[in-house]
Amino acid sequence: MNATSHQHLRGELRTDEPMARHTSWRVGGPADRFYRPVDADDLAAFLRSLSADESLFWLGLGSNLLVRDGGIRGAVVSTQGVLDGLEQVDANTVRAEAGVACAKVARFCARRDLVGAEFLAGIPGTMGGALAMNAGAFGGETWNLVVAVETLDRGGAHHTRAPAEYEVGYRSVRGPENEYFLAAHLHVEPGDGEASASRIKGLLERRNATQPIGLPSCGSVFRNPEGDHAARLIEAAGLKGVCIGGACVSEKHANFIINTGDATASDIEALIELVWRTVQKEYGVHLQPEVRIVGESQ
Ligand SMILES: Cc1cc2nc3c(=O)[nH]c(=O)nc-3n(C[C@H](O)[C@H](O)[C@H](O)COP(=O)(O)OP(=O)(O)OC[C@H]3O[C@@H](n4cnc5c(N)ncnc54)[C@H](O)[C@@H]3O)c2cc1C
């Protein structure tokens with residue numbers, strides 16, 4: 001890793017930064033240029049400095065990403081821990097910037113006797129990633145709370161947008177091209193914070209009992225097909241415990257793939273393909289990946 005500073009930029013620019021350091025699967029080749037801004041203005045300045053033909057990728061906590069072993073060409077922007085503003089705006093609204101961990105938003109609301117955001121405690125990513133994915137858990141979905149989003153476009157200009165400007169579905173969000181999330185304004189209700197905190201505790205206990213938490217994974221690899229569960233189909237196809245290289249289908253939750261220590265991105269991708277082909281052959285179901293697969297093969 002080479003760290004350099006750029007004349008008018010205040011953040012840190014690294015070259016050939018291993019993405020394995022920034023993904024929860026702990027795999028992924030180098031990003032050509034990796035920028036960690038100091039704040040939103042600095043980030044806007046970095047975006048303005050990009051040449052028109054340089055590709056751009058925004059990274060949250062890397063908890064839903066398979067970065068291939070050849071890495072990412074162009075620039076990667078890291079928001080985690082940087083865009084970290086979190087405040088109560090009025091009786092019913094919380095503003096959370098893109099780099100804030102979802103779990104922090106859930107706890108912040110409970111402490112202020114605001115209810116409705118408990119499910120965010122179970123999503124191990126940033127608010128920006130949750131907006132991009134419409135992340136959800138335990139019956140809650142990110143965009144059910146959104147009253148407005150702030151975005152930055154590729155030219156560094158700031159926009160405030162309404163949910164109606166986005167097409168939102170199950171783990172899918174489509175909005176204006178070349179815009180990235182800077183912050184979410186979330187609707188919450190005044191309520192009982194203690195009850196909210198104990199609901200969060202209960203949700204986390206439930207997930208610890210059913211998911212291989214603590215091992216390098218990306219959560220659910222496939223979306224649930226309509227009316228069914230990807231994990232049920234994968235288990236029924238006899239794939240629990242099946243491995244390619246260092247990547248294995250979890251024994252605890254069949255829709256999780258674990259890096260047992262020395263997996264490469266290509267091991268994981270090959271296992272994803274094997275699972276997809278087997279479920280398709282056995283049950284005629286075309287599973288759709290929930291994880292985002294990016295970058296180049298080696
Ligand atoms: C153990 C475990 C359990 C999980 N459980 C759940 C679950 O219950 N429910 C669920 O929905 N997900 C779950 N996930 C997946 C993951 O946590 C979510 O998808 C999360 O929202 C991803 O956030 P992130 O910050 O890690 O995003 P990343 O993985 O860094 O990025 C994901 C996508 O979002 C884009 N993105 C990130 N930030 C921005 C931004 N500011 N603007 C525009 N695009 C952006 C990226 O470019 C990428 O395409 C789980 C993951 C793990 C490891």
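User: How is a polar contact to be read here, and what is the distance from a nitrogen atom of the ligand to a polar backbone atom of Gly-136?

Analyst: A polar contact is a pair of N or O atoms within 3.5 Å. In this predicted model, a nitrogen atom of the ligand is 2.6 Å from a polar backbone atom of Gly-136. A ligand nitrogen also lies 2.9 Å from a backbone N or O atom of Phe-181, and an oxygen atom of the ligand is 2.9 Å from a polar backbone atom of Leu-61.

User: How much of the ligand does the protein bury?

Analyst: The ligand taken alone exposes 970 Å², and the protein buries 93% of that. Two or more residues of the surrounding shell come from each of β4 (56-59), α3 (127-133), β10 (136-137) and β16 (179-187). Helix α3 gives the largest share, 5 residues.

User: Which residues come nearest to the ligand, and how does the shell divide by class?

Analyst: Of the 33 residues around the ligand, the nearest are Trp-58, Ser-63, Thr-126, Gly-136 and Arg-292. The shell has 17 nonpolar, 12 polar and 4 charged residues.

User: In what order do the strands β18, β19 and β20 form a sheet?

Analyst: Strands of a sheet pair through backbone hydrogen bonds, either parallel or antiparallel. Here 3 strands form an open sheet in the order β18-β19-β20, with antiparallel pairing. Strands β18 (243-244) and β20 (257-259) are the edges, each pairing on one side only. Strand β18 is joined to β19 (residues 247-249) by 2 bridges, and Ile-244 has Ala-247 of β19 as its bridge partner.

User: Which strands does helix α6 lie across?

Analyst: Helix α6 (residues 265-283) lies across β18, β19 and β20, and runs at about 30 degrees to β19.

How values were computed: Residues are numbered from 1 along each chain as its sequence is written. This is a predicted model: local features need pLDDT of at least 70, side-chain atom pairs count only at pLDDT 80 or more; totals for chains, interfaces and linings use all residues. Side-chain values use heavy atoms; hydrogens and water are left out. A residue is near a molecule or strand if one of its heavy atoms lies within 4 Å of it. A polar contact is a pair of N or O atoms within 3.5 Å; within protein, one must be able to donate a hydrogen and the other to accept it, and residues adjacent in sequence count only if both atoms are side-chain atoms. Accessible areas come from the Shrake-Rupley method with a 1.4 Å probe; for residues, only the protein chains shown count as cover. Helices (H or I, at least four residues) and strands (E, at least two) are DSSP runs, numbered from the N terminus. Ala, Val, Leu, Ile, Met, Phe, Trp, Tyr, Cys and Pro count as nonpolar, Asp, Glu, Lys and Arg as charged, and the others, Gly among them, as polar. Two strands pair if DSSP finds at least two bridges between them. Contact means heavy atoms within 4.5 Å. Axes are lines fitted to C-alpha atoms, for helices over the stretch in contact, and angles run from 0 to 180 degrees between N-to-C directions.
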